[in-house]
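Dear colleague,

I am handing over the structure below, and my notes on it follow. Please read them with the model open beside you.

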Amino acid sequence: MSEFRKGLAEFRAAMHEEGERSRVPSLQEILERRQPAPVLQFRWAVAAMVALTLGAVPVYRDTQQRQREADQERADVLLMDKVNAALSRPVPRALAALMGN
Amino acid sequence: MQPLATSRLFAVETQVRELALADFDAVIRLYWPRIFRFVLASVRDHDVAQTLAQDCFFKAHQNRARFRGEASLQTWLMQIAVNLVRDHARNRRFQFWKRVPSEPAEGEGVRNWLADGEINPEQKVLVKERVAAVWSATAQLPERQRTVFLLRFVEDMDLLEIAAVTGLKEGSVKVHLFRAVRRVRAKVGRSK
């Protein structure tokens with residue numbers, strides 16, 4: 001048998017032996033081990049809150065910015081309306097009485 | 001007559017499957033050695049192998065309702081194990097600061113595996129060296145080649161079974177196996 005084949009057969013035997021030797025856990029053990037620890041859950045909660053807060057800051061800033069822009073736009077529209085109203089007067093207010101006659 | 005026989009066979013198979021999954025402790029007892037040794041051969045770390053093998057049975061237990069019996073229970077469990085080993089390798093790549101040496105200390109990995117009294121001490125040393133050489137050579141293979149190699153030579157699976165476990169085509173399995181054997185043979189030969 002070649003060295004390679006011999007090595008392969010011995011490797012296989014060693015792995016099989018190790019598999020047989022390993023302690024087989026019960027389902028109960030496996031399920032208990034996989035339950036996340038309370039500390040870990042708390043850490044996840046804190047991390048989630050921090051992430052949410054950090055994520056909320058740009059959103060809040062964006063909302064504020066939009067609000068300011070909308071207010072400014074409304075003010076501009078009102079101002080333009082006033083200017084238009086003044087411009088569309090046929091005669092100055094002081095001469096309006098004379099024009100009526 | 002044929003359809004009736006087939007449907008009965010299917011019903012019996014379903015019943016056996018349901019019984020097997022109902023007693024999941026029996027499933028673990030039966031398949032643990034196979035899953036554990038495959039994972040150990042892949043990751044070369046006893047503690048990690050223990051954890052990943054447990055993860056494998058945990059996942060199987062969580063998803064047991066989805067097991068429809070298209071593949072054998074062994075193939076299904078092995079699929080989960082292969083995916084876990086792959087994920088572990090990927091995570092390790094991104095957690096280089098946590099990395100522990102995957103190379104076991106000289107002789108450490110194959111310690112005590114050989115039954116005492118069967119061979120003399122000199123032979124035992126030689127066997128240990130050969131086993132260590134093969135194991136070290138498999139560790140240097142790319143992930144897919146290593147998986148295919150271990151499924152073939154440790155788990156004695158045929159090409160179709162390996163294809164089912166890995167999701168590769170039979171032709172790809174052949175190619176990976178050929179390349180893996182060539183590399184391992186070259187490395188084992190060199191380490192002599």
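**Helix packing and the interface**

The crossing of α1(A) and α2(B) is right-handed, a crossing being right-handed if the near helix is turned clockwise from the far one by less than a right angle, and left-handed if anticlockwise. This is a predicted model, in which local features need pLDDT of at least 70 and side-chain atom pairs pLDDT 80 or more, while totals for chains, interfaces and linings use all residues. Residues are numbered from 1 along each chain, chains are lettered from A in the order written, and side-chain values use heavy atoms, without hydrogens or water.

Helix α1 covers residues 3–21 of chain A and helix α2 residues 24–43 of chain B, and they pack at about 125° with axes 8 Å apart (helices are DSSP runs of H or I, at least four residues, numbered from the N terminus; axes are lines fitted to C-alpha atoms over the stretch in contact, with angles from 0 to 180 degrees between N-to-C directions). In α1(A), Phe11(A) and Met15(A) are among the residues that meet α2(B), where the partners include Pro33(B) and Phe36(B) (contact means heavy atoms within 4.5 Å).

Taking the chains as wholes, 38 residues of chain B are in contact with 26 residues of chain A. Across this interface the rule finds three salt bridges, each a side-chain nitrogen of Lys or Arg within 4 Å of a carboxyl oxygen of Asp or Glu; Arg33(A) and Asp55(B) meet in a salt bridge at 3.0 Å, N to O.

Within chain B, α2(B) packs against helix α3 (residues 46–62) at about 140°, with axes 8 Å apart, and this crossing is right-handed.

With best wishes

Key: Helix = DSSP H or I, 4+ residues; strand = E, 2+ residues; numbered from the N terminus.
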